[in-house]
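Q: I'm new to this structure and would like a close look at a single part of it, chain B. Could you walk me through how that chain is laid out and what it touches?

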Amino acid sequence: MTTQTLAETGQVKRAISLRSVLNNAGIGLALLALILFFSVFTEHFLTANNITNILTQITINLILAVGMTFVILIGGIDLSVGSVMAFAAVVAGKAITLPGFGPAEAIALAVVAATMTGVLCGVFNGVISAYWALPSFIITLGMLNIARGAALQVSDAQTIYAFPIAFEEFGSAMIYGVPVVFIVALLLVLVAWFVLNYTVFGRLLYGIGNNEEAVRLAGHPVFWYKVAAFTICGFTAGIAAIVYMARLNISSPIAGIGFELNAIAAVIIGGTSLSGGRGSVIGTLLGAIIIGVLANGLILIGLSDFMRQMITGIVIVFAVILDHYRAKYTAK
Amino acid sequence: MKLLKIAAGAVSGLAMLAGTAMADDKPVVGLIMKSLANEFFQNMMVGAEAHQEKRGDYELLAVGMQNETDFESQINAVENFITQGVDAIVVAPADSRAMVRPLKKAMDAGIVVVNFDVALDEEAKKQRGVELAFVGPDNRGGAKLAGDALGKKLGEGGKVVIIEGNPGADNATQRRLGFEDSVAEYKLDLLDSRTAHWETEEANSVFSNMLTAHPDIQGVMAANDSMAIGVVKALESAGRDDILVVGFDNIPAVGPMIEDGRMLATVDQFGTDMAANAIDLALEVVNGGPELEGWVKTPIELVTAD
């Protein structure tokens with residue numbers, strides 16, 4: 001029974017990867033067009049410094065969006081990632097400023113604190129929405145408030161600062177002009193890509209998004225797979241918190257307001273279907289780059305804040321319309 | 001149904017609380033704050049509580065709100081205070097127009113109302129026939145202090161940008177206008193002005209992009225210190241130490257930055273004392289003192305390394 005399903009998913013996999021190449025090519029072309037446009041119409045867009053800036057600026061959103069891809073692939077959504085990031089940053093900020101630790105221990109402690117906080121929030125989201133089969137939209141909306149309140153409570157609404165120098169250096173380190181924090185994000189993308197394409201777990205996440213009942217009837221523990229997807233999303237929120245702290249050298253309890261929407265936008269622009277079962281983390285990478293290029297290029301071009309917001313919104317709507325046609329094409 | 005019951009329970013709970021407060025002969029002051037998620041207001045609240053303990057001759061009922069734009073809950077708070085029959089309401093309005101009507105109702109009920117932190121809109125006051133003094137800092141004047149410090153250093157033609165607060169928020173507007181006053185007075189060259197919604201990470205990204213578009217920037221005016229921190233970090237990663245930054249609020253995190261010169265100046269409006277001072281003024285009126293008039297300006301101070 002299981003072997004049969006695996007063989008089937010193998011076939012599905014080949015079909016999906018061919019299609020995903022086509023999908024990603026479309027997004028890639030859109031990105032190229034944007035880059036070309038900004039290169040022609042602005043003076044500084046295609047400079048080494050600016051590219052470094054864009055990579056730094058998309059890092060947090062990309063990390064959150066990688067986790068979000070897992071949740072959206074199973075047909076869920078996680079609205080709590082921005083708040084969970086702030087909560088994780090505040091807990092880690094408290095940990096890293098504890099007296100009596102050397103810089104190395106303090107940083108290690110902060111990394112553990114941030115990722116554990118993220119993981120626990122993710123487990124909460126996953127267990128509650130999967131066990132009672134409740135819409136993750138509502139559960140994670142609850143978590144959005146729980147985590148934000150917890151962040152404010154733990155920090156007493158104060159900005160935490162004065163972290164070890166080594167931590168700050170990690171946040172601004174470069175390798176050949178590429179920010180180290182971006183390389184961290186890229187590694188996460190690679191790991192996620194491998195897991196989603198080459199492990200049974202990953203393939204079954206697609207399966208759950210397409211037809212949960214079929215995966216359940218095939219004897220797989222759907223409950224734990226769903227919990228795992230939300231846990232991964234919480235984990236990436238913890239990693240994002242570390243990057244936030246290293247980059248800005250503070251922990252703010254009001255950080256990350258609205259970040260969940262940017263992460264969802266990156267996933268959707270990247271061609272992952274909101275109804276689950278279809279999409280790729282490489283698309284998410286391209287989606288995050290598109291959002292970052294837009295935010296950067298529109299400022300370089302001198303467009304006002306309000307126009308910038310409108311155009312970003314239009315791009316999201318456009319991406320969803322595109323997804324509608326992609327779905328139709330796939331159904332044929 | 002269940003919800004209704006819970007709501008009813010909450011209301012009667014509140015009424016009981018009020019009942020115990022009334023039992024004492026001390027005057028009761030209702031304090032209405034803005035978002036306690038903002039450390040500025042959080043500190044102010046702590047200052048007010050300490051003040052109440054120190055004076056000990058009044059009862060303090062304090063409420064905050066969830067976020068900067070949640071003025072619905074402020075209106076509800078005013079109405080609850082009227083029902084509870086407090087002696088004075090001390091309020092930092094989240095919206096300078098929406099709050100006029102409920103406050104008028106409170107004044108009609110014989111409650112002493114003191115408006116602090118953000119002034120109510122003049123037009124809206126006139127329309128309702130409300131005469132109400134304002135106790136608070138001059139945000140515009142404060143921003144001009146910081147802007148002037150920058151203008152003096154840069155001199156005529158200095159190229160500057162402004163990082164604004166939330167579009168539409170009154171203090172954000174006042175601070176932007178203050179910065180623009182400095183720009184006009186010192187004949188600075190304003191290259192760009194953008195919002196970063198009071199937030200560090202956004203200010204970091206937005207300012208990096210502004211710096212790419214205008215590599216010749218010489219000075220930055222940030223409407224609060226959280227955003228100034230984001231600007232300072234952006235300058236560090238761009239390897240630029242030739243650009244001057246001023247902020248606003250004097251939060252603890254910028255202390256080291258001002259000391260070592262990464263920031264030129266910030267403005268302290270003594271937020272911790274602000275609510276406490278407004279309560280003092282309200283109690284004077286409650287105890288038979290004269291009505292407040294016009295604008296009672298509270299202290300502001302430029303903070304620099306020297």
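A: Chain B of this predicted model splits into domain 1 (2–137 + 273–298) and domain 2 (139–268), with bounds that come from an automatic or database domain assignment. Their C-alpha centres sit 32 Å apart. Where they touch, domain 1 of chain B puts in 7 residues and domain 2 of chain B 6 residues; contact here means heavy atoms within 4.5 Å.

About 540 Å² is buried between domain 1 and domain 2 of chain B, with 46% of it on carbon and sulfur atoms. (Buried area is the accessible area, taken with a 1.4 Å probe, that two parts lose on being put together, summed over both.) You'll find 0 salt bridges between these two domains, a salt bridge being a side-chain nitrogen of Lys or Arg within 4 Å of a carboxyl oxygen of Asp or Glu. There is 1 residue pair in polar contact between the two domains, both at pLDDT 80 or more. That term covers a pair of N or O atoms within 3.5 Å; within protein, one must be able to donate a hydrogen and the other to accept it, and residues adjacent in sequence count only if both atoms are side-chain atoms. On the domain 1 side, the touching residues are 4 nonpolar, no polar and 3 charged. For those classes, Ala, Val, Leu, Ile, Met, Phe, Trp, Tyr, Cys and Pro are nonpolar, Asp, Glu, Lys and Arg are charged, and the others, Gly among them, are polar.

Now for the neighbour. In chain B, 29 residues are in contact with 32 residues of chain A, and about 2,500 Å² gets buried between the chains, 52% of it from carbon and sulfur atoms. On chain B's side, Arg194(B), Glu201(B) and Asn209(B) lose the most area to chain A, together 24% of what that side buries.

There are 3 salt bridges between chain B and chain A. Lys233(B) and Glu168(A) meet through their side chains in a salt bridge, at 2.4 Å from N to O. The two chains also share 15 residue pairs in polar contact (both at pLDDT 80 or more). Which elements of chain B give two or more residues to this side? They are helix H2 (39–55), strand S7 (189–195), helix H8 (200–213) and helix H9 (225–238). H8(B) supplies the largest share, 10 residues. Helices (H or I, at least four residues) and strands (E, at least two) are DSSP runs, numbered from the N terminus. By class, chain B's side has 12 nonpolar, 11 polar and 6 charged residues.

Back inside chain B, Arg97(B) and Asp121(B) pair up in a salt bridge, 3.6 Å from N to O. Arg97(B) lies in the loop between strand S3 (88–91) and helix H4 (100–108) and Asp121(B) in the loop between strand S4 (112–116) and helix H5 (122–128), so the pair ties together parts that are 24 residues apart in sequence.

How confident is the predictor? Chain B averages a pLDDT of 89, with 92% of residues scoring at least 70; pLDDT is the predictor's confidence in each residue, from 0 to 100. Among its elements, helix H1 (residues 2–23) has the lowest mean pLDDT (47) and strand S9 (residues 244–246) the highest (98).

A few ground rules: residues are numbered from 1 along each chain as its sequence is written, and chains are lettered from A and ligands numbered from 1 in the order in which they are written. Local features need pLDDT of at least 70, side-chain atom pairs count only at pLDDT 80 or more, totals for chains, interfaces and linings use all residues, and side-chain values use heavy atoms, leaving out hydrogens and water.
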